[in-house]
Amino acid sequence: MALTDSLKTLLIETAKSLKVSARREGVSQGWMLCAMNLLYQRADAKLSGLQTSTEVVRYFLEDERGRCPSHREEAMNTPLFVVLFDVESVGRQVIREVIGTAADILYLPDVEATARAEVLRRATVILAQNTAKELTPDELALIHQVQLLQFYTAGVDFIPLQALPADLPIAANSGASAEPMAEHALALTLAAAKRLFFEHRQLATGAFNQFTPNRMLAGRVCGLFGFGGMGVAAARLMRAMGMQIHAINRRGHSAEPTDWMGTPEQLDVLLRAADVLVIAAPLTRATLGRIGTRELALMKEDAILVNLARGEIIEEGALFAHLQRHPAYTACLDAWWVEPVRHGTFRMQYPFLELPNVIGSPHNSASVGGWHQVALRRAAANCRRALTGEPPQGLIGPDERLQ
């Protein structure tokens, strides 16, 4: 139910009354925060009909539907799910649907400054975008007991994870935007195989290369460097085009069907076989600069490289030189080395976009309208796993924390 202006005013007054009630009842301020959170989340017809803050307090103190504990012990034993960033109303509804009764939910931007420390100490599971911006250094030390720190994004290499407690379980939102990114990978691959951008430019000069061959994807090999959510989604689309699927991941196996599966130690095998190579791995210490001059030389002369992950997985200068020396080779770059979100600006050390065998996009493969709610639902689902005692997915090991 949308909150009217009069109800919003009532809730502000209620916050003051709840503080007094918390002291009078001998309970912690966490009780008050929980109650205020429920006021916003569970406003109903009965609540909207109340006229005074005292009536609202009584509603939550006496009504059996009120889920806020009235005793300190109950308050401390209730799992608390804390979201560090502001979420619009539709997103909050998504989170409530996913978390259900597994925990009380608090949004830290809604919490008074004096109560933030207590909320963080009580947090059972935390959902964050960027802890460096959402928490102060002093607050980072308060979350060592958290069962899971879940990030909203799949890529977390630009977040200073080293500043977090070393034993804190951390998870990325693996596969958050897998399906739209997979479509983007297919689109780039088809554009390269069918020479769409190249021939478009040729037509502009008057050249009509009707009989210059382009390529079919069917029967060729798609190599996936990384076979998590995005890699699997890309594999399904490429398989639908008739391609064979070769992939590597850290385990060397997957429930997803493949024609060949290997480990990172077998990258050379993957590179030699791939007609299309899709980079779908996270940026870690192990993948940083993993593809350089030697690795590119192993690939086929007319291979297509598609990078949706991070530019830093490929050595920038090595790729530019390879593209200059091998005009039949095509690089489709959605991920760049220096980007606005991670670095505050976009720039290249080499003029990639002047090369005819490069197709670029502004790392917008995940920018599909409305998809942020899907990503939010997936992040919340992983948080619920931790809240209900299930093993969370997408955990980031200490050796994978770049910063």
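This passage describes the confidence, the sheet, one helix and the cysteines of a predicted model.

The chain has a mean pLDDT of 86, and 81% of its residues reach 70 or more. Two stretches are assigned low values: over residues 22–29 the pLDDT stays under 50, and the model has 13 contacts for this stretch beyond four places in sequence. The pLDDT is likewise below 50 over residues 61–75, a stretch that has 30 contacts in the model beyond near neighbours in sequence.

An open sheet is formed by seven strands, which follow one another in the order S8-S7-S6-S9-S10-S11-S12 with parallel pairing. The edges are occupied by strand S8 (260–262) and strand S12 (358–360); each of these has a single partner strand, so one side of each is left without a neighbour in the sheet. On average, and with direction ignored, neighbouring strands of this sheet are turned by 15° against each other. At the S12 edge, the pairing of S12 with strand S11 (residues 330–333) is parallel and comprises three bridges, and Leu333 stands opposite Gly360 in S12. Helix H15 (residues 316–325) packs on the sheet, where it touches strand S10 (304–307) as well as S11 and S12, and the direction of H15 makes about 140° with that of S11.

Helix H10 (residues 178–193) was considered with respect to both its length and its surroundings. With 16 residues and 1.5 Å a residue, H10 should span 22 Å, and because its end C-alpha atoms are 22 Å apart, the modelled length agrees with this expectation. Twelve of the 16 residues of H10 are buried, and the helix is therefore largely enclosed by the rest of the structure. The buried residues of H10 include the alanines Ala178, Ala182, Ala185, Ala191, Ala192 and Ala193, and among them are also Pro180, Met181, His184, Leu186, Leu188 and Thr189. After H10 comes Arg195, which has a positive phi, near 60°.

The cysteines were examined for disulfides, which are covalent bonds between the sulfur atoms of two cysteines. With a disulfide taken as a pair of cysteine sulfur atoms within 2.5 Å, the count comes to zero. Cys222 has a relative accessible area of 0%, and because buried means under 20%, this residue is classed as buried. Cys332 also counts as buried, at 0% relative accessibility.

Conventions
Residues are numbered from 1 along each chain as its sequence is written. This is a predicted model: local features need pLDDT of at least 70, side-chain atom pairs count only at pLDDT 80 or more; totals for chains, interfaces and linings use all residues. Side-chain values use heavy atoms; hydrogens and water are left out. pLDDT is the predictor's confidence in each residue, from 0 to 100. Contact means heavy atoms within 4.5 Å. Two strands pair if DSSP finds at least two bridges between them. Helices (H or I, at least four residues) and strands (E, at least two) are DSSP runs, numbered from the N terminus. Axes are lines fitted to C-alpha atoms, for helices over the stretch in contact, and angles run from 0 to 180 degrees between N-to-C directions. The expected span of a helix is 1.5 Å times one less than its number of residues. Buried means under 20% relative accessible area, exposed over 50%, partly exposed in between (1.4 Å probe, protein chains only).
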